[in-house]
Structures are given as C-alpha cells and as structure tokens.
Amino acid sequence: MLTKRIIPCLDVKDGKVVKGTSFVQLRDAGDPVALSRQYYQQGADELIFLDITATPEGRDTVVDVIESVSEQVFMPLTVGGGLRNVSDMRRMLQAGADKVSINTAAVLQPNLIREGAAKFGSQCIVIAIDAKQVEDRPEPRWEVYISSGQKPTGINAVSWAKKSVALGAGEVLLTSMDADGHQAGYDIELTHTISEAVPVPVIASGGAGVPEDLYLALVKGKADAVLAASIFHYSTYSIGEIKKYLSERGIPIRL
Amino acid sequence: MIVIVDYGAGNLRSVTNALVRLGYQPKITGRPQDLSNARAVILPGVGAAADTMINLNQLGLIDPIRRFITDGRPFFGVCMGLQILFTGTEEGGWHECLNVIPGQVKKLPDGQKIPHIGWNQVKQQRDHPVFSGIPDEANFYFVHSYYGEPEDKRLIAGETEYGTTICSVIARENMVATQFHPEKSGESGLKMYHNFLKLIAKGS
C-alpha cells in the first residue's frame with residue numbers, strides 16, 4: 001500500500017533556511033545541508049527546497065545546496081522558487097533534484113508546464129499553487145497568487161490546478177496563504193476540493209501546528225502528502241513523533 | 001569498471017552519489033565501447049520510453065545493451081531502465097523497446113492517483129542476492145505511470161500493490177531491474193545497490 005508522505009520544506013535564502021509567517025518576518029532556522037541530513041535520519045519521505053533568494057548570485061547558492069544535499073541524503077528532492085524556463089529546470093535536475101516546482105512562471109506562461117513535462121516527464125513537474133480564499137458563499141472560491149504571494153491573478157485555483165495537470169504537471173503542491181505560517185491547521189476545504197478535482201497527487205501545505213493537523217489534511221483533506229516547515233525546524237515535533245502518531249491513527253506510513 | 005549509462009536524460013547524479021557513498025567510482029558514459037569493457041552496467045532513467053529508445057539508438061547503445069544482458073553480465077535497470085527491457089510499451093502509442101524480456105509495459109489502472117508517487121512496499125517473491133539483508137515488505141520510492149508485465153512470471157522477484165499488482169523487481173541471474181529508485185530509497189536502496197555490486201566481486 002502506498003504510504004502517505006511527510007515532507008519537511010526548507011525555504012532557502014542565500015544558502016540559509018528561513019521560514020516566515022504569512023510570507024513576511026523571516027527568522028533564521030539553520031543550515032540546509034545539516035537540516036536535510038537530520039530529516040533524512042528522522043525518516044522524512046521527501047524534502048522540498050523553496051528558493052526565495054532574490055538575486056542571481058544568491059541563486060547559485062541553491063544549486064550548491066542541492067548538490068551537497070544529494071551527496072548525503074538518498075531520498076527524493078524537489079526544488080522550486082524562481083525557475084523561469086526549461087534550462088533553469090535542467091540546472092536543478094542536474095544538481096541532483098528529482099522534481100522541480102514551478103509557480104509564477106507557469107501562471108505567466110502556462111506552456112512552460114508542457115515544455116518541462118515533454119523534456120523531463122510529468123513526474124518531474126510539480127505545479128505549486130498559492131491560493132487565498134476570496135469568497136465563502138454560496139460556494140468557497142480561492143484565487144491564485146503569484147510572486148511569493150504578492151500578486152493576485154484573478155485566476156480560480158481549482159480551474160488552474162486542473163489546467164496545469166492537463167498541460168502535464170504530475171503533482172500539485174498546494175499552499176493555503178490564509179493558513180500558512182499560523183500553525184492553526186491546514187485549509188481542509190481547499191485541500192479536499194483540489195485533491196478531488198485532479199487525478200495527480202496533492203501535497204497539502206500551510207498551517208501545520210500539531211500532529212492532528214497533518215492527520216486531518218490526509219483524512220479529511222484527502223491529501224497524498226503533507227508538507228510542514230516550522231514544526232520541524234524548531235523541533236516542536238520530530239518527524240518520527242509525527243509519523244508514529246499518524247501510524248497509530250491508522251494512516252499508512254513508512255516507519 | 002562500473003558504467004552508468006548516460007543517454008542525455010535521467011537523474012544520473014543521484015545514482016552516481018549512491019555508488020560513491022558505497023565506495024565505488026562509477027564511470028558515466030554513453031560510449032558503446034565502454035559497455036564492452038564494463039564489469040557492470042547500470043541503466044537509470046526517467047522521462048518517456050519513446051525518447052529513451054531514440055536516445056539509445058542515436059548513441060548506438062541498443063545492441064551493446066542487449067548483448068551485455070544476454071551475455072549474462074551484471075546489469076541493473078532503474079525505472080525507465082526496467083521498462084525499456086520489455087518487448088514494447090503502450091506509453092504514447094505503441095513503441096517497441098529492447099525485447100530482452102518478453103512482455104508489455106502498460107498504463108497503471110484508473111481509480112487511484114497517477115503517477116504512483118511515494119514509498120510503497122516490495123513483497124519479495126523469491127530469494128535473490130539483491131534482497132540480502134533487506135526485510136520483506138521494505139519500502140522503496142516509486143514514481144511512475146506505467147508498469148511492465150513479463151510473460152515469464154518466474155522473472156518476477158518483487159511485487160508491489162497499487163491498484164493492481166505491479167512487478168517491481170525483475171531478476172534473472174545477473175540481470176536486475178527495479179521499477180522504484182534505489183538511489184532515492186534510503187538505506188534499503190543503498191543496500192540493494194551494494195548487494196548487486198557484490199555480484200561482481202564474486203566474479204559471477
């Protein structure tokens with residue numbers, strides 16, 4: 001039976017791991033290579049690196065980070081943040097990444113999904129969607145934001161998820177901007193809606209605070225994987241503790 | 001010399017890193033003559049089957065790979081490196097493959113998320129040296145949408161459940177192929193490469 005994945009996310013800026021609250025107020029949380037090694041030993045199922053570096057010089061540092069990490073940990077690695085074209089993607093895959101996640105560039109230029117999938121296979125292309133709720137009645141509606149959550153697009157998140165998959169995305173990394181950084185639980189309704197709407201795996205992101213949050217995202221949200229950052233970086237819970245908790249509650253987990 | 005076949009696709013770096021961790025210094029090459037000198041060949045791969053066959057053909061690698069396997073020399077195919085051993089695949093219309101293993105590559109059945117991404121258990125169907133020290137039903141990392149069905153069921157060394165029973169490990173003497181990625185499967189994956197490479201040390 002396929003197990004549910006527990007995925008620590010490392011937001012990397014100029015070679016350091018940082019994590020913000022609702023996309024602002026960054027705090028230093030450590031060295032990405034050391035953290036990756038720790039997560040590997042604790043039994044993480046995958047690692048996601050989001051490069052939030054703004055400058056081209058800083059961008060080279062994430063390549064170095066991926067190269068070092070892939071020499072030391074033998075698990076799937078996904079890299080995203082600022083990837084604009086197929087050659088950016090290739091650079092990350094050659095550095096040792098297994099998958100690339102694209103967000104802003106895909107919204108601005110949807111054909112990038114098709115090109116990436118044709119070159120590297122759908123299994124390599126993760127569509128990252130930052131969604132914010134804009135209506136709650138009669139039906140909830142979520143809008144896609146780009147440029148690190150700075151820019152609304154007017155695009156419906158559910159339609160965009162479907163379109164991305166039709167273009168060749170093999171997985172959806174779904175972040176609720178409303179929930180992200182607050183550690184008060186994932187947006188279950190958003191996760192459930194997108195997960196039911198697309199035939200590919202969905203990674204729920206944003207809002208993990210206690211182990212039950214992850215449980216609810218998997219069971220009620222129907223997510224295939226859950227991403228968390230702060231609760232792992234600051235050692236609120238170890239990966240092992242979370243996995244044990246989920247396993248005891250009947251979730252298929254790799255222990 | 002251990003050769004990792006470079007045909008312009010695939011995550012070669014991860015396979016290389018895994019072998020380096022185990023103390024080997026593999027050669028990454030796409031030259032046919034390097035295969036004839038190799039003590040073992042690893043064929044990694046992601047992406048589409050048709051592209052893989054086109055790339056191998058352009059590099060003149062089709063016959064050298066076939067010969068390497070039929071000569072009974074140590075060969076390890078990973079993911080797409082398993083699928084292209086079959087007679088053909090239905091991925092993107094029917095495409096002929098290497099036909100080292102009679103059988104077809106089919107799309108995973110509907111009813112669950114596709115691609116099959118994540119860690120899943122491998123049920124060992126019989127003893128083989130590659131399983132040495134790896135518990136039955138150990139988890140390995142999968143990422144694929146198609147799977148191979150060998151006509152000769154005796155080739156199936158490991159199986160995995162995902163909507164149907166997938167042949168996840170093929171083994172025949174010195175030929176091993178896995179649908180999952182050992183280089184991404186933590187310590188169990190490293191152990192599997194270690195076991196495979198010990199086949200060479202034995203001179204078999």
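**Exercise 1. Is A:S164 buried or exposed, and what is its relative accessibility?**

Before solving, note that this is a predicted model, in which local features need pLDDT of at least 70 and side-chain atom pairs count only at pLDDT 80 or more, while totals for chains, interfaces and linings use all residues. Residues are numbered from 1 along each chain as its sequence is written, chains are lettered from A and ligands numbered from 1 in the order in which they are written, and side-chain values use heavy atoms, with hydrogens and water left out.

*Solution.* Step one is to place the residue: A:S164 is found in helix α6 (residues 157–167) of chain A, where helices (H or I, at least four residues) and strands (E, at least two) are DSSP runs numbered from the N terminus. Step two is to apply the cut-offs: buried means under 20% relative accessible area, exposed over 50%, and partly exposed in between, with a 1.4 Å probe and protein chains only. A:S164 has 0% relative accessibility and therefore counts as buried. Step three is to list its neighbours: leaving aside residues up to four places away in sequence, A:S164 touches A:I113, A:I127 and A:A169, a contact being heavy atoms within 4.5 Å. Finally, A:S164 and A:A128 are 36 residues apart in sequence, and their C-alpha atoms lie 9.7 Å apart in space.

**Exercise 2. Describe the fold of chain A and its overall dimensions.**

*Solution.* Begin with the elements, of which chain A has 10 helices and 12 strands. The radius of gyration of chain A is 17 Å, close to the 18 Å that the globule rule gives for 255 residues, so chain A is as compact as a globular protein of that length; this radius is taken over C-alpha atoms, and the rule is 2.2 Å times the number of residues to the power 0.38. Next, the C-alpha trace of chain A spans about 50 × 45 × 40 Å along its principal axes. Of the 255 residues, 58% count as buried, and among contacts in chain A with a separation of 6 or more, residues 24 or more positions apart account for 66%. The surface that chain A exposes is about 9,900 Å², with carbon and sulfur atoms supplying 48% of it; such areas come from the Shrake-Rupley method with a 1.4 Å probe, and for residues only the protein chains shown count as cover.

**Exercise 3. Carry out the corresponding description for chain B.**

*Solution.* Chain B has six helices and 13 strands. A compact globule of 204 residues would have a radius of gyration near 17 Å, and the 15 Å of chain B agrees with this. Its C-alpha trace spans about 45 × 40 × 30 Å along the principal axes, and 59% of the 204 residues count as buried. Of the contacts in chain B between residues at least 6 apart in sequence, 68% join residues at least 24 apart. The accessible surface of chain B comes to about 7,800 Å², of which 45% belongs to carbon and sulfur atoms.

**Exercise 4. Which residues have the most contacts inside the largest nonpolar core?**

*Solution.* A nonpolar core is a set of buried Ala, Val, Leu, Ile, Met, Phe, Trp, Tyr and Cys residues joined through side-chain atoms within 4.5 Å. The largest one has 110 residues, and those with the most contacts inside it are A:I129, A:V172 and B:I42. Its largest share, seven residues, comes from helix α6 (residues 186–201) of chain B. Looking outward from B:I42, and not counting residues up to four places away in sequence, one finds that B:I42 touches residues including B:I2, B:V15, B:F76 and B:F196. A second, separate core of 33 residues includes B:V3, B:Y7, B:V41 and B:V100.

**Exercise 5. Locate the cis peptide bonds described here and two residues with positive phi.**

*Solution.* In chain A, a cis peptide bond with omega of about 5° joins A:R137 and A:P138, and A:P138 is found in the loop between β7 (125–135) and β8 (141–146). In chain B, a cis peptide bond, with omega again about 5°, joins B:I114 and B:P115; B:P115 sits in the loop between β7 (101–107) and β8 (116–124).

Turning to phi, B:C79 is a residue other than glycine with a positive value near 60°, located in the loop between β4 (75–78) and α5 (80–83) of chain B, and it is buried, with a relative accessible area of 6%. B:E173, also not a glycine, has a positive phi of about 45° and lies in the loop between β12 (165–172) and β13 (175–178) of chain B; B:E173 is exposed, with a relative accessible area of 65%.
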